[in-house]
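Visitor: I am new to this structure and would like a close look at a single part of it. Please choose one strand and describe its surroundings.

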Amino acid sequence: MNTRIRVAFAVALSSCAVALAAVPAAEANVLSLLPGSCSGETFTQPFAQFGDDNNYVLVPGGDFEAGGIPWGTTGGAGRVGGNESFNVTAADDSSSLSLPAGSSATSMAVCANIYKPTLRFFARNTGSSSSRLNIDVYYPGLLGGLQKARVGTIGGGANWSPTGVTQLTVQNLLATLSLSRTVIAFRFSPADSAGHWTIDDVYVDPHMR
């Protein structure tokens, strides 16, 4: 869909100033999370079996289960049957997010600050092994407005596996995060037409360890 949807985002500066922005449907609901909603997050260790014992927070709707918070999608991206094979979020989870060539998916906003600089999730690619998946981040600019930056491009095989840690090291983003609590959103899109990607259980690391 290419219709435009108005959304709001909040930047938690020292004065808790609030800004508004309009973005396309691909970024529906981007940065709509108010800064005060950072409390009450649930910390888990979804990657402990892979040697990563950091605590993580699930990105809203990042398990792609029925009834969950929907993401903004384009180009045929959407929820499909079949969970990542490790069931790290819940044993009865049964869905993931398909990203065919030419598609994209944009997350709901997640609370962030300088102590939340990493992203990790599960992925598989049943297309060409040369295919890559782009990871972009949306964040509020220091002078207002909505900014976008590429934070990673990954490869993947035909079997489910955890991705490496993606660092949110974009200079302007880190400057924004260092000011105070804020909100960010993630966009996933195949970098080419050779792959067929599926992702699941998208988490951010709240402790920068």
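Guide: Helices, of at least four residues, and strands, of at least two, are DSSP runs numbered from the N terminus. Counted that way, the chain has one helix and 15 strands. The model is a predicted one. Half of the chain, 50% of its 209 residues, counts as buried. Of the contacts between residues at least 6 apart in sequence, 73% link residues that are at least 24 apart.

The part chosen here is β10, which spans residues 133–140. Buried means under 20% relative accessible area. Eight of the eight residues of β10 are buried, so the strand is largely enclosed by the rest of the structure. The cover is on both faces: one side carries L133, I135, V137 and Y139, and the other carries N134, D136, Y138 and P140, all of them buried.

Next comes the partner strand. β10 pairs with β11, residues 146–154, in the antiparallel sense, and eight bridges join the two. Within this pairing, V137 has A149 of β11 as its bridge partner. The two strands make a hairpin with five residues between them, and in the turn G144 has a positive phi of about 100 degrees.

On the other end of β10 is the loop that comes from β9 (118–125), and S128 is found in that loop. S128 has a relative accessibility of 29%, so it counts as partly exposed. Leaving out residues up to four places away in sequence, S128 touches A194 and G195. A194 is 66 residues from S128 in sequence, yet their C-alpha atoms are 5.3 Å apart in space.

β10 also has a place in the interior. The largest nonpolar core holds 28 residues, and those touching the most other members are W71, L99, F121, F186, F188, I199 and V202. Two or more residues of this core come from each of several elements, including β9, β10, β11, β14 (182–190) and β15 (197–205). Apart from this core lies another, of six residues, with F47, Y56, F122 and W160 among them.

F186 leads back to the chosen strand. Not counting residues up to four places away in sequence, its contacts include D136 and V137, along with V59, A105, L119, L168 and V204. D136 and V137 lie on opposite sides of β10, and V137 is the residue bridged to A149.

Terms used. Residues are numbered from 1 along each chain as its sequence is written. This is a predicted model: local features need pLDDT of at least 70, side-chain atom pairs count only at pLDDT 80 or more; totals for chains, interfaces and linings use all residues. Side-chain values use heavy atoms; hydrogens and water are left out. Buried means under 20% relative accessible area, exposed over 50%, partly exposed in between (1.4 Å probe, protein chains only). Contact means heavy atoms within 4.5 Å. Two strands pair if DSSP finds at least two bridges between them. A nonpolar core is a set of buried Ala, Val, Leu, Ile, Met, Phe, Trp, Tyr and Cys residues joined through side-chain atoms within 4.5 Å.
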